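This briefing goes with the sequence and model shown below. The points after the lead are grouped by topic.

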Amino acid sequence: MSKGLLHHIEIYVSDLKRSIDFWGWFLEELGYSPFQEWGSGQSWKVEDTYIVFVQAEERFLDVQYHRCRVGLNHLAFHADSRQQVDEMTKKLKNRGVTILYTKQNPFAGGADYYAVYFEDPDRIKVEFVAP
């Protein structure tokens with residue numbers, strides 16, 4: 001039963017094309033598949049959960065996102081292993097993605113917490129964590 005699990009997440013973005021390029025690649029690496037697409041948005045789905053990205057209207061683009069304001073701080077995704085975190089870190093670097101906490105990686109979350117932290121095009125923090 002899926003009671004209590006996330007059904008979907010919807011994120012408004014400043015540049016839909018840029019976000020689709022970033023998130024499409026990353027989510028498909030994790031096993032998500034393209035799900036819905038329309039002029040101002042696109043989503044990817046894995047099992048019963050999907051993530052939606054929607055172009056924010058011009059009138060709302062004057063204030064940039066910041067994860068320390070009220071609202072979403074970050075999204076964290078499960079990795080299968082530490083090796084998968086390491087492989088993803090290399091892929092992210094090769095794509096020019098901003099890696100956070102580079103001096104502490106992969107233990108920025110603590111000695112027993114193996115993860116890579118990075119930013120999407122709107123500077124939303126993303127975490128990829130090993131079991």
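Is glutamate 47 buried or exposed? Glutamate 47 counts as exposed, because its relative accessibility is 74% and the cut-off for exposed is over 50%. The model is a predicted one. The protein has two helices and eight strands, and 37% of its 131 residues count as buried.

**Overall build**

- In sequence order the elements of the protein run β-α-β-β-β-β-α-β-β-β.
- The radius of gyration of the protein is 15 Å, which agrees with the value near 14 Å for a compact globule of 131 residues.
- The C-alpha trace of the protein spans about 45 × 40 × 30 Å along its principal axes.
- Of the contacts in the protein between residues at least 6 apart in sequence, 55% join residues at least 24 apart.

**Surface and charge**

- About 8400 Å² of the protein is exposed, and carbon and sulfur atoms supply 50% of that area.
- The protein has 15 positive and 19 negative charges, and the mean positions of the two sets are 6 Å apart.

**Leucine 92 in helix H2**

- Helix H2 covers residues 82-94 and contains leucine 92.
- Leucine 92 counts as buried because its relative accessibility is 0%.
- Not counting residues up to four places away in sequence, leucine 92 touches Trp25, Val97, Ile99, Val116 and Phe118.
- One of these contacts, phenylalanine 118, is 26 residues from leucine 92 along the chain, and their C-alpha atoms are 8.3 Å apart.

**Glutamine 42 in strand S3**

- Glutamine 42 lies in strand S3, which consists of residues 41-46.
- With a relative accessible area of 10%, glutamine 42 is buried, as the cut-off for buried is under 20%.
- Beyond its neighbours within four places in sequence, glutamine 42 contacts Ile20, Gln36, Glu37, Ile51, Val52 and Phe53.

**Valine 129 in strand S8**

- Valine 129 belongs to strand S8, which spans 125-129.
- The relative accessibility of valine 129 is 10%, so this residue counts as buried.
- Apart from neighbours within four places in sequence, valine 129 is in contact with Phe77, His78, Ala79, Val85, Tyr113, Tyr114 and Ala115.
- Aspartate 80 is 49 residues from valine 129 in sequence, while the C-alpha to C-alpha distance between them is 8.4 Å.

**The loop between S4 and S5**

- Arginine 67 is in the loop that runs between strand S4 (49-55) and strand S5 (74-78).
- Although placed in a loop, arginine 67 counts as buried, with 15% relative accessibility.
- The side chains of arginine 67 and glutamate 119 make a polar contact at 3.1 Å.
- Leaving out neighbours within four places in sequence, the contacts of arginine 67 are Leu72, Asn73, Leu100, Glu119, Arg123 and Lys125.
- Glutamate 58 is also found between S4 and S5.
- Glutamate 58 counts as exposed because its relative accessibility is 69%.
- Between glutamate 58 and alanine 108 there are 36 Å in space, C-alpha to C-alpha, at a separation of 50 residues in sequence.

**Backbone exceptions**

- Most residues other than glycine have a negative phi, and most peptide bonds are trans.
- Glutamate 47 is not a glycine, yet has a positive phi of about 50°.
- The loop between S3 and S4 holds glutamate 47.
- Arginine 123 is not a glycine either, and has a positive phi of about 75°.
- Arginine 123 is placed in the loop between S7 and strand S8.
- Arginine 123 counts as partly exposed, because its relative accessibility is 46%.
- Arginine 123 is also among the contacts of arginine 67.
- The peptide bond between asparagine 105 and proline 106 is cis, with omega at about 0°.
- Proline 106 sits in the loop between strand S6 (99-100) and strand S7 (115-119).

Technical notes
Residues are numbered from 1 along each chain as its sequence is written. This is a predicted model: local features need pLDDT of at least 70, side-chain atom pairs count only at pLDDT 80 or more; totals for chains, interfaces and linings use all residues. Side-chain values use heavy atoms; hydrogens and water are left out. Helices (H or I, at least four residues) and strands (E, at least two) are DSSP runs, numbered from the N terminus. The radius of gyration is taken over C-alpha atoms; the globule rule is 2.2 Å times the number of residues to the power 0.38. Buried means under 20% relative accessible area, exposed over 50%, partly exposed in between (1.4 Å probe, protein chains only). Contact means heavy atoms within 4.5 Å. Accessible areas come from the Shrake-Rupley method with a 1.4 Å probe; for residues, only the protein chains shown count as cover. Lys and Arg count as positive and Asp and Glu as negative; His and the chain ends are not counted. The place of a charge is taken as NZ of Lys, CZ of Arg, CG of Asp or CD of Glu. A polar contact is a pair of N or O atoms within 3.5 Å; within protein, one must be able to donate a hydrogen and the other to accept it, and residues adjacent in sequence count only if both atoms are side-chain atoms.
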